[in-house]
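Visitor: Hi, I've just opened this one and I'm new to it. Can you walk me through a few things?

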Amino acid sequence: MKGLQRMIERGESQVLDFKYCISDSRKIAKTLSAFANTDGGTLLIGVRDNGSIAGVQSEEEYYMIDAAASIFCKPPVNYSAHQHRPEGKTVLEVEIKKSPERPVFSKDEKGRWIAYLRKDDQNLAVNSVIMKVWKKEKRNHGLLIKVRDAEIKLFDYLNENEYITISKFRKISMLPFSRAENILSDMIICGIIGYDLTDKGCRYFATEKPELSKQDHYFSY
């Protein structure tokens with residue numbers, strides 16, 4: 001009971017989520033996807049957003065969690081679950097580990113498979129740039145990036161501005177969407193650029209501010 005109370009007192013975060021109840025396995029699948037794609041996390045079912053304990057029907061909630069993990073997540077999410085009995089009520093604790101095989105998708109109400117990341121207490125849909133980063137992370141060889149005009153324009157912009165969006169990058173570089181995606185994802189893989197995912201979209205920032213010119217030729221990873 002003390003362990004459960006300590007978790008509740010910490011409040012919702014990037015690795016902890018409260019659910020009053022489960023009415024739809026697909027909604028829970030979104031949280032499982034977000035935890036699996038980020039740092040893992042714990043789901044407490046039967047706890048209100050304010051931390052008060054409501055309790056659940058444990059068997060019914062467990063079956064809905066299992067459906068969320070095995071039917072509405074792809075690949076299926078591994079989890080462990082056990083019960084707490086505070087105040088004579090049942091709280092179901094579900095622990096999800098970070099997946100070694102990102103992305104983990106969840107199926108929404110329209111049948112679409114979407115991957116999510118967990119940021120603070122939000123589950124955020126990832127974009128195509130992050131998807132490419134995850135795909136490239138699976139490669140067993142290094143990466144060599146040749147610096148061309150587009151890369152120079154990108155860093156010139158980031159030397160004067162804190163963030164850039166992919167639409168702004170395309171505008172200043174005159175690149176097609178797929179080429180802009182590849183440059184940003186390659187730079188993220190090399191650790192030259194980071195990203196800030198929000199509910200309004202994704203912004204990219206320089207982790208360092210190199211001065212580039214056409215005499216610079218390559219980044220490698």
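Guide: Sure. Keep in mind that this is a predicted model. Let's begin with the second largest pocket: its lining includes Ala36, Pro75, Pro76, Val77 and Asn78. Lys97, Lys98, Ser99, Pro100, Glu101 and Val104 line the second largest pocket too.

Visitor: What volume does the second largest pocket have?

Guide: About 170 Å³.

Visitor: And how do the residues of its lining divide into nonpolar, polar and charged?

Guide: For the second largest pocket, six are nonpolar, two are polar and three are charged.

Visitor: OK, what about the largest pocket? Which residues line it?

Guide: Gln14, Asn37, Thr38, Lys98, Arg102 and Leu117 are among them, and so are Arg118, Lys119, Leu124, Tyr195, Asp196 and Leu197. The volume of the largest pocket is about 200 Å³.

Visitor: Which strands supply at least two residues each to that lining?

Guide: β7, residues 113–119, and β10, residues 193–198. As for chemistry, the lining of the largest pocket has four nonpolar, three polar and five charged residues.

Visitor: Switching topic: how many disulfides are there?

Guide: Zero. Take cysteine 21: the nearest cysteine sulfur belongs to cysteine 73 and is 18 Å away. A disulfide needs the two sulfurs within 2.5 Å, so cysteine 21 is in no disulfide.

Visitor: Is cysteine 21 buried, partly exposed or exposed?

Guide: Partly exposed, because its relative accessibility is 38%.

Visitor: And cysteine 202, how far away is the nearest cysteine sulfur?

Guide: It is 17 Å away, on cysteine 190, and cysteine 202 is in no disulfide either. Cysteine 202 counts as buried because its relative accessibility is 11%, with the cut-off for buried being under 20%.

Visitor: Let's do sheets. What is the strand order in the open sheet of four strands?

Guide: The order is β1-β2-β5-β4, and the pairing is mixed.

Visitor: Which strands stand at the edges?

Guide: β1 (16–19) and β4 (79–84) do. Each has a single partner strand, so one side of each is left without a neighbour in the sheet. From one strand to the next, the twist averages 20°.

Visitor: How do β1 and β2 run, parallel or antiparallel?

Guide: Parallel, with four bridges joining β1 to β2, which covers residues 41–45.

Visitor: Which residue in β2 is the bridge partner of phenylalanine 18?

Guide: Leucine 44.

Visitor: And what holds paired strands together in general?

Guide: Strands of a sheet pair through backbone hydrogen bonds.

Key. Residues numbered from 1 in each chain as written. Predicted model: local features only at pLDDT ≥ 70, side-chain atom pairs only at ≥ 80, totals over all residues. Heavy atoms only, no water. Buried < 20%, exposed > 50% of the residue type's maximum accessible area, 1.4 Å probe, protein only. 1 Å grid on protein atoms, 1.4 Å probe; cavity = no way out; pocket = protein on both sides within 12 Å on 5 of 7 lines; lining within 4 Å. Points joined across faces, edges and corners; volume = space filled by probe spheres on them. Nonpolar A, V, L, I, M, F, W, Y, C, P; charged D, E, K, R; others polar. Pairing = 2+ DSSP bridges. Axes fitted to C-alpha atoms, helices over the stretch in contact; angles between N-to-C directions.
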